[in-house]
Amino acid sequence: MNTNRLSKAMETSLIKQVTKENQASQIYLALGIWADTKGYGGIANFLFRHAQEERNHMIKIMMYILERGGEPKVEAVEAPSKLPKTITECFNMVFEHEVDNTNAIYNLVNQSMDEKDWATWNFAQWFVKEQIEEEKLALQLIDKLKIAGGDRASDESLFSLDKFLESAPDEVTLSRESTADNPE
């Protein structure tokens, strides 16, 4: 008896999103390493924490596939192909990446609606909300850097920004602990 409650197409799309989240984690790790080698330990710390959050998203989707009777797969991801030259470019890359991921989540939502797969539609709503927060956070980074002076920021301003990001909490909520009542 087939107990998979996901269509083959939906399972494939969810596996693609697992891979996308894994790729995102790698991108944030690469950006964090870049920031650290430039002397921005606080920015690096922020990006490393974000890499873990993306990994948690990957696991959340993998667990959903399993819960629906599917078989998730771990696919290879490419090494990040481009590193920034400036902090502005780094933060812009973060924002562009989050917008790309938002579009991928919207595609899952649209597919779930087309298939009338309401369980997946409901599951994907957590990620819709998450992406609103992710894009807002990326825009806040860009705004804080602009206030500091952008690429012409003084060393003192960049030092303050780096310290601000370093002092943010290190703990990342595990995605599997999120519920409808506590989506954080």
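Glu 166 and Lys 163 sit three residues apart in helix 5, about one turn of the helix from each other. In this predicted model, the two side chains form a salt bridge, with the closest N and O atoms 3.0 Å apart. Side chains of opposite charge can pair when their charged atoms come close. How open is each partner to its surroundings, buried, exposed or in between? Glu 166 counts as partly exposed because its relative accessibility is 34%. Lys 163 has a relative accessible area of 40%, so this residue is partly exposed as well.

Stay with Glu 166 for a moment, since this residue also takes part in the meeting of helix 5 with helix 2. Helix 2 covers residues 41-67 and helix 5 covers residues 155-166; their axes come within 6 Å and cross at roughly 35 degrees. Which hand does the crossing of helix 2 and helix 5 have, left or right? It's left-handed. On the helix 2 side, the residues involved are Gly 41, Gly 42, Ile 43, Asn 45, Phe 46 and Arg 49, and they meet Asp 162, Leu 165 and Glu 166 of helix 5. Sort the residues of this contact by character and you get three nonpolar, three polar and three charged.

Now let's follow helix 2 along to Ile 59, which also belongs to that helix. Ile 59 counts as buried because its relative accessibility is 19%, and the cut-off for buried is under 20%. In sequence Ile 59 is 38 residues away from Glu 21, yet their C-alpha atoms are 8.9 Å apart in space.

A little further on in helix 2 comes Met 62. What does Met 62 touch, once its neighbours within four places in sequence are left aside? Its contacts are Val 18 and Pro 72. Val 74 is another residue to look at here: twelve residues separate it from Met 62 in sequence, and the C-alpha to C-alpha distance is 9.0 Å.

Helix 2 also holds Glu 67. With a relative accessible area of 63%, Glu 67 is exposed, whereas Ile 59 in the same helix is buried. Glu 67 and Arg 5 lie 62 residues apart in sequence, but 9.0 Å apart in space when you go from C-alpha to C-alpha.

Back to the charged pairs. How many salt bridges are there in total? The count comes to five, and the Glu 166 to Lys 163 pair is one of them. Another joins the side chains of Glu 11 and Lys 8, at 3.7 Å from N to O. Glu 11 and Lys 8 are separated by about one helical turn because they are three residues apart in helix 1, which runs over residues 8-37. Why are the two partners classed at opposite ends, one buried and one exposed? Glu 11 counts as buried because its relative accessibility is 4%, while Lys 8 counts as exposed because its value is 57%. A further salt bridge links Glu 89 with Lys 82, where the closest N and O atoms are 3.6 Å apart.

Next, a look at the backbone. Most residues other than glycine have a negative phi, and most peptide bonds are trans. Lys 116 goes the other way on phi: its value is near 55 degrees, positive in a residue other than glycine. Where does Lys 116 sit? You'll find it in the loop between helix 3 (87-115) and helix 4 (118-148). Lys 116 counts as exposed, because its relative accessibility is 58%.

Finally, step back to the whole chain. There are five helices and zero strands, so to speak of the order is simple by the helix definition: α-α-α-α-α along the sequence. The C-alpha trace spans about 65 × 35 × 25 Å along its principal axes. How does the radius of gyration compare with that of a compact globule? For 184 residues such a globule would be near 16 Å, and the chain has 18 Å, which agrees. Buried residues make up 45% of the 184 residues. As for contacts between residues at least 6 apart in sequence, 80% of them join residues at least 24 apart.

How values were computed
Residues numbered from 1 in each chain as written. Predicted model: local features only at pLDDT ≥ 70, side-chain atom pairs only at ≥ 80, totals over all residues. Heavy atoms only, no water. Axes fitted to C-alpha atoms, helices over the stretch in contact; angles between N-to-C directions. Helix = DSSP H or I, 4+ residues; strand = E, 2+ residues; numbered from the N terminus. Left-handed = near helix turned anticlockwise from the far one by under 90°. Contact = heavy atoms within 4.5 Å. Nonpolar A, V, L, I, M, F, W, Y, C, P; charged D, E, K, R; others polar. Salt bridge = Lys/Arg side-chain N within 4 Å of Asp/Glu carboxyl O. Buried < 20%, exposed > 50% of the residue type's maximum accessible area, 1.4 Å probe, protein only. Rg over C-alpha atoms; globule rule 2.2 N^0.38 Å.
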